[in-house]
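Trainee: I should like to go through the terms used for this structure and see how each is justified. May we begin with the sheet and then turn to the ligand?

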Amino acid sequence: MAGTEKVDLRGAAATLLMTLYMRRLDARSRRPILGDPYAEAVYDRIEHDVHGLWQVAGDAATIAARAAVLDGWTREFLGTESHGQVLHLGCGLDSRPLRLAVPPTVRWLDVDQPEVIDVRRRLYTFPEHVVQVAGSVTGETWWEAVDPDRPTLVVAEGLFMYLRPATVHAVVDRVVDGTRRAELAFDAVSPWTVTMSRWTPTFRALGTGFRWAWNPADFAHRHPTLRELDDVAIIDELTIRHPRVWLRPLLSAAGHLPTLQDAMRLHRFTTR
Ligand SMILES: C[S@@+](CC[C@H](N)C(=O)[O-])C[C@H]1O[C@@H](n2cnc3c(N)ncnc32)[C@H](O)[C@@H]1O
């Protein structure tokens, strides 16, 4: 078995440990939602000093359902665009390109901050067509790796809420203006969730929190050429997928409350 790897991540980069920890919990559960076959082995190889991850255990089903929906949308894209390109932004330590077995005709870019890509390279072995790009999406360098001529899918999971609103819109503009045609799949949280994140103990300990909230009118105004394909409330997904079957009717009832319905949603847009 490969040895362990010491990682020293701070701020938003350290939040990848939270999502990986939750995917591992899902994978170990009796009825996994995502069943990521890599999460447990990868998590167990990491030596880190981030304490209190157990506090996010209650969100494991949410995180697994979010990943499962985005996997489904990515599979659809891979099924129709055999020579397409996927920009996996803020990829963290997610195994998505491996668990979806991306075909070699597709160009896949995993993009994250340099310290994250460094750890990612140490923990995974990727095929040649799965390219690791070290760079913040706030900078210029990551875009140099993008092929503007391929049909493109952007998958940004658990990323945009950590960015400043202007950065989110700049990334969307860059994809819309810089590719021939594209789809964008991402999750977003409500203004209420952003406020709540200031009080979340794990975020406080990591010195990070959410900065961008979903505002449909503002998004439509800033990106008038985009057409929405899907808009899914995570709580609705949980009413179908939650491993504790007895919880599903309760979640279904709770889902009628607008605060919970909008807490986290998944969006898919196209430039066509
Ligand atoms: C909550 S984690 C999600 C990771 C992964 N998508 C997942 O679902 O496990 C947030 C990720 O966004 C990355 N991130 C935050 N700001 C970024 C930026 N400016 N450019 C690139 N990645 C960024 C972090 O390094 C981290 O890997």
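**The sheet and the ligand site**

Mentor: In this predicted model, seven strands make up an open sheet of mixed pairing, ordered E5-E4-E3-E6-E7-E9-E8.

Trainee: Why are strand E5 and strand E8 said to stand at the edges?

Mentor: Strand E5 (130-134) and strand E8 (227-233) each have a single partner strand, so one side of each lacks a neighbour in the sheet. From one strand to the next, the twist averages 15°.

Trainee: How do you know that strand E7 and strand E9 pair, and in which sense?

Mentor: Pairing requires at least two bridges. Strand E7 (residues 182-189) and strand E9 (residues 264-270) are joined by seven bridges, therefore they count as paired, and the sense is antiparallel. As one example, Ala185 has Arg268 in E9 as its bridge partner.

Trainee: What makes helix H10 a helix that packs on the sheet?

Mentor: Contact means heavy atoms within 4.5 Å. Helix H10 (residues 234-241) touches E8 and E9, and its direction makes about 55° with that of E8.

Trainee: Which residues come nearest to the ligand?

Mentor: Thr19, Arg23, Gly90, Asp112 and Glu157 come nearest, out of 19 residues around the ligand. Helix H1 (residues 15-28) supplies the largest share of this shell, four residues. By class, the shell holds nine nonpolar, seven polar and three charged residues.

Trainee: What makes the approach of Arg23 to the ligand a polar contact?

Mentor: The cut-off for a pair of N or O atoms is 3.5 Å. An N or O atom in the Arg23 side chain is 2.9 Å from an oxygen atom of the ligand, so the pair qualifies. The same reasoning applies to Ser136, because one of its polar side-chain atoms lies 3.0 Å from a ligand nitrogen atom. For Glu157, a polar backbone atom is 2.9 Å from a nitrogen atom of the ligand, and this pair therefore qualifies too.

Trainee: How much of the ligand's accessible area does the protein cover?

Mentor: On its own the ligand has 590 Å² of accessible area, of which the protein covers 97%.

Terms used:
Residues are numbered from 1 along each chain as its sequence is written. This is a predicted model: local features need pLDDT of at least 70, side-chain atom pairs count only at pLDDT 80 or more; totals for chains, interfaces and linings use all residues. Side-chain values use heavy atoms; hydrogens and water are left out. Helices (H or I, at least four residues) and strands (E, at least two) are DSSP runs, numbered from the N terminus. Axes are lines fitted to C-alpha atoms, for helices over the stretch in contact, and angles run from 0 to 180 degrees between N-to-C directions. A residue is near a molecule or strand if one of its heavy atoms lies within 4 Å of it. A polar contact is a pair of N or O atoms within 3.5 Å; within protein, one must be able to donate a hydrogen and the other to accept it, and residues adjacent in sequence count only if both atoms are side-chain atoms. Accessible areas come from the Shrake-Rupley method with a 1.4 Å probe; for residues, only the protein chains shown count as cover. Ala, Val, Leu, Ile, Met, Phe, Trp, Tyr, Cys and Pro count as nonpolar, Asp, Glu, Lys and Arg as charged, and the others, Gly among them, as polar.
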